[in-house]
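Okay, hi everyone, thanks for coming. I'll put the structure up first, and then we can walk through it together.

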Amino acid sequence: MTTALQASHRNVPDGFIASLALERYSLPIYANQTNTGWTSSPFHDVTLADYELHWSPLQVPFRTEMAQTGVDAPTLAEYDVDALEVTSTGTTMNGSHNLAGVWEHLRIAAEAADERRFIAAYASVDWTEQPPGAIMRAVRLAISADAPLAARKLATEGAQRHPEHAELQKAARILTPAGVVRSDLPPDPNMAKNVQWLKDHRDQYRNQWVAVQAGRLLGVAATLTALIERVGKREDILYTVA
Amino acid sequence: MIMLLFFADNGPFATGAVQYSQLPIGRDERSSRLLLPVQLEGSLTEAILDTGTPYVICAPQIADAIGLDAASALENVRLSIRGASVNGGLHLLQMRIRADRGSSLALEVTAFVPDPEFGEAWGMLPSFLGLTGCLERFRFAVDPATDTFYFGPLGEHQNSTSEQRP
């Protein structure tokens with residue numbers, strides 16, 4: 001059975017998109033405001049009687065979206081929670097198009113650092129249809145799922161579609177580093193001397209922080225902080241664990 | 001620019017080289033890992049070459065010495081590192097590979113920095129240089145016979161064959 005959630009509301013600004021959740025099972029539902037109310041994405045094989053329904057308006061994505069509308073973050077009381085209605089469309093849908101089920105797969109994949117499972121679920125969603133808060137959530141899950149290329153694609157494409165979303169802009173920038181910015185910098189012959197010192201003497205100082213400069217030991221300490229206090233902080237000193 | 005490794009058509013593959021060390025890392029690890037000297041922001045340190053890891057994983061003590069700005073980071077991300085789930089933030093870092101021959105390389109890389117509470121659990125592990133957001137951004141080759149790490153910018157060259165000139 002496929003079921004859709006609908007909730008009537010009041011005092012909600014135009015264009016508002018909220019993140020709501022069935023907290024008992026942590027199934028997120030991304031709801032879009034329409035002229036007739038909030039309409040969630042459908043979810044699959046859920047018996048609503050099994051759930052305790054809670055609107056969760058104080059979740060971070062909710063606050064983020066509200067902040068972008070220029071409206072103060074709402075409290076639960078501002079919404080007509082009593083008028084929440086749960087209706088079933090009675091329509092069967094393919095599980096692969098079941099958004100709540102997909103989010104559950106993404107979450108499980110993230111917890112297990114399972115890139116393959118994440119990619120399979122991620123590929124079943126049309127991300128151009130998703131609000132920026134949902135895309136940002138998927139970026140974080142992709143990072144946790146050890147799917148860095150999916151995280152980058154989600155962030156860069158989401159940032160292009162939502163230039164107003166500051167966190168997506170930041171994520172896209174961080175996940176797409178410039179790479180090589182200079183390739184004509186002079187060599188540092190002391191590097192070979194430092195590495196040679198480590199090869200020759202590392203065993204004498206195992207599991208201690210050492211400071212080496214131009215192939216000479218400057219100091220030893222249990223922590224890097226203590227070592228820097230002892231020998232100072234300079235860019236030509238190599239600090240490492242022996 | 002000194003070119004140390006060339007494609008078959010004489011196009012440049014590597015423009016710099018640096019010596020590395022080999023060392024087993026951690027209490028239970030017996031196989032050696034490649035430890036490369038790199039400069040992360042202003043701190044010269046060693047990092048493990050790890051193509052199985054995404055991003056640069058910055059050791060908490062090095063991150064503390066660098067003094068990163070949390071406001072510019074993507075906070076509250078979670079990464080699986082050596083089988084453990086670690087919370088932290090993603091940063092853009094300036095990294096430099098200082099050549100002992102040829103030219104040094106300056107890069108902007110994506111770096112994961114564990115939250116401070118993971119510092120104790122991290123112990124004496126060094127930083128890691130991962131593939132996505134770091135190693136994917138330049139060409140590199142390893143010569144285990146001489147413990148030499150060769151590197152160079154990606155450039156436009158598409159030839160997949162490389163060879164070393166005498």
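I'll start with how confident the predictor is, then go through a few strands in chain B, and end on a pair of helices in chain A.

So, first thing to keep in mind: this is a predicted model. For the complex, the predictor reports an ipTM of 0.90 and a pTM of 0.74. Chain B has a mean pLDDT of 89, with 90% of its residues at 70 or more. Where in chain B is confidence lowest, and where is it highest? The low end is strand β15, residues 162-163 of chain B, with a mean of 47, and the high end is strand β7, residues 56-57 of chain B, at 98. If you look at residues 160-166 of chain B, pLDDT is below 50 there, and the model gives that stretch 13 contacts beyond near neighbours in sequence.

Chain A comes with a mean pLDDT of 70, and 60% of its residues get to 70 or more. Watch out for residues 1-97 of chain A: pLDDT stays under 50 over that stretch, although the model has 178 contacts for it beyond four places in sequence.

Okay, on to chain B. It has 166 residues, and 58% of them count as buried. In terms of elements, chain B has 15 strands and 2 helices. Take the contacts in chain B with a separation of 6 or more: 60% of them are between residues 24 or more positions apart.

Now let's zoom in on strand β4, residues 21-24 of chain B. Which of its side chains are buried? B:Ser21 and B:Leu23 are, and they point to one face, while B:Gln22 and B:Pro24 point to the other face and are not buried. That fits a general pattern: in a regular strand, side chains alternate between the two faces of the sheet.

Next door we have strand β5, residues 32-40 of chain B, which pairs with β4(B) in the antiparallel sense over 4 bridges. To see that on screen, find B:Gln22 opposite B:Leu34, and B:Pro24 opposite B:Ser32.

Why do we call β5(B) largely enclosed by the rest of the structure? Because 7 of its 9 residues are buried.

β5(B) has other partners too. It pairs with strand β6, residues 43-49 of chain B, in the antiparallel sense over 6 bridges. B:Leu36 has B:Ala47 of β6(B) as its bridge partner. The hairpin of β5(B) and β6(B) has 2 residues between the strands, and B:Glu41 takes a positive phi near 50° there. Then there's strand β9, residues 84-97 of chain B, which pairs with β5(B) over 2 bridges, again antiparallel. In that pairing, B:Leu40 sits opposite B:Met95.

Last stop, the helices in chain A. Helix α4, residues 132-144, and helix α6, residues 166-175, have axes that come within 10 Å and cross at roughly 35°. The crossing is left-handed. On the α4(A) side, the contact includes A:Ile135, A:Met136 and A:Val139, and on the α6(A) side it includes A:Leu168 and A:Ala171. How many of the contact residues are nonpolar, polar or charged? The split is 8 nonpolar, no polar and 2 charged.

That's my tour, so over to you for questions.

How values were computed:
Residues numbered from 1 in each chain as written. Chains lettered and ligands numbered in written order. Predicted model: local features only at pLDDT ≥ 70, side-chain atom pairs only at ≥ 80, totals over all residues. Heavy atoms only, no water. pLDDT = per-residue confidence, 0-100. Contact = heavy atoms within 4.5 Å. Buried < 20%, exposed > 50% of the residue type's maximum accessible area, 1.4 Å probe, protein only. Pairing = 2+ DSSP bridges. Axes fitted to C-alpha atoms, helices over the stretch in contact; angles between N-to-C directions. Left-handed = near helix turned anticlockwise from the far one by under 90°. Nonpolar A, V, L, I, M, F, W, Y, C, P; charged D, E, K, R; others polar.
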